Amino acid sequence: QVQVAVSGGGKVQAGGSLRLSCEASGSVLNIDRMGWYRQAPGPSREFIATITIGGRTNYADSAKGRFTIFSDTAKKAVYLQMNSLKSEDTAVYYCNVVDRIGMGYVDYWGQGTQVTVSS
């Protein structure tokens, strides 16, 4: 059983900052990467950033220069520091954990956390 716990959402004014936290626990043995996605009202979940177990990061264009993803591998945790927030960053943010099992991968998702940016 794997649990992915997310915290850190909330309300902030445009230009402000928030930090999201995510920690995996349970039967997660071999994390390949962790990341963040978000979903504004609508069907699509948007990629924000990922970080591999080796520390390689990848960002969506919308996040570059404003958001920073970092991890604590010992805690199986990943964080998203969000600065210079804009109203269009308003969304439910989800943590993704990709566990490598044999030759395959398994995705785990945390519960979403609401981020609301007021202009």
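**View 1. Ser84, a partly exposed residue in a loop of the predicted model**. Ser84 has a relative accessibility of 41%, so Ser84 counts as partly exposed. The loop that holds Ser84 runs between β8 and β9. The backbone deserves a look here. Phi of Ser84 is near 50°, a positive value, and the residue is not a glycine. Most residues other than glycine have a negative phi.

**View 2. Lys76, in the loop between β7 and β8**. What is the sign of phi at Lys76? Phi is positive, at about 55°, although Lys76 is not a glycine. With a relative accessibility of 28%, Lys76 counts as partly exposed.

**View 3. The largest nonpolar core**. This core has 28 residues. Which of them have the most contacts inside the core? They are Trp36, Leu80 and Met82. Many strands contribute. At least two core residues come from each of β1 (2–7), β3 (18–26), β4 (31–39), β5 (46–52), β7 (67–72), β8 (77–82), β9 (91–101) and β11 (113–118). In soluble globular proteins, nonpolar side chains tend to be buried together.

**View 4. Trp36, a core residue in strand β4**. Is Trp36 buried or exposed? Its relative accessibility is 0%, so Trp36 counts as buried. Pair this residue with Leu20. The two are 16 residues apart in sequence. In space, their C-alpha atoms are 9.3 Å apart.

**View 5. Leu80 and its contacts**. Neighbours within four places in sequence are left aside here. Leu80 is then in contact with Leu18, Arg19 and Leu20. Its contacts also include Trp36, Ile48 and Ala49. Phe67, Thr68, Ile69 and Tyr93 complete the list. Leu80 and Trp36 are both among the residues with the most contacts inside the largest nonpolar core.

**View 6. Thr50, a buried residue in strand β5**. The relative accessible area of Thr50 is 13%. The cut-off for buried is under 20%, so Thr50 is buried. What does Thr50 touch, not counting residues up to four places away in sequence? Met34 and Gly35 are among its contacts. Arg56, Thr57, Asn58 and Ile69 are the others.

**View 7. Asp32, a buried residue in strand β4**. Its relative accessibility is 15%, so Asp32 counts as buried. Leave aside neighbours within four places in sequence. Asp32 is then in contact with Thr52 and Ile53. Other contacts of Asp32 are Val98, Asp99, Arg100 and Tyr105. Trp36 also lies in strand β4.

**View 8. The chain around these close-ups.** How many helices and strands does the chain have? There are zero helices and eleven strands. From the N terminus on, the elements run β-β-β-β-β-β-β-β-β-β-β. The radius of gyration is 14 Å, close to the 14 Å that the globule rule gives for 119 residues, so the chain is as compact as a globular protein of that length. Along the principal axes, the C-alpha atoms fill a box of roughly 45 × 25 × 25 Å. Of the 119 residues, 42% are buried. Take contacts between residues at least 6 apart in sequence: 52% of them join residues at least 24 apart.

**View 9. Surface and charge.** The chain exposes about 6300 Å². Carbon and sulfur atoms supply 49% of that area. The chain has 12 positive and 9 negative side chains. How far apart are the centres of the two sets? They lie 2 Å apart.

How values were computed:
Residues numbered from 1 in each chain as written. Predicted model: local features only at pLDDT ≥ 70, side-chain atom pairs only at ≥ 80, totals over all residues. Heavy atoms only, no water. Core = buried A, V, L, I, M, F, W, Y, C linked by side-chain atoms within 4.5 Å. Buried < 20%, exposed > 50% of the residue type's maximum accessible area, 1.4 Å probe, protein only. Helix = DSSP H or I, 4+ residues; strand = E, 2+ residues; numbered from the N terminus. Contact = heavy atoms within 4.5 Å. Rg over C-alpha atoms; globule rule 2.2 N^0.38 Å. Areas by Shrake-Rupley, 256 points an atom, 1.4 Å probe, with all protein chains shown as cover. Lys, Arg positive; Asp, Glu negative; His and termini not counted. Charge placed at Lys NZ, Arg CZ, Asp CG, Glu CD.
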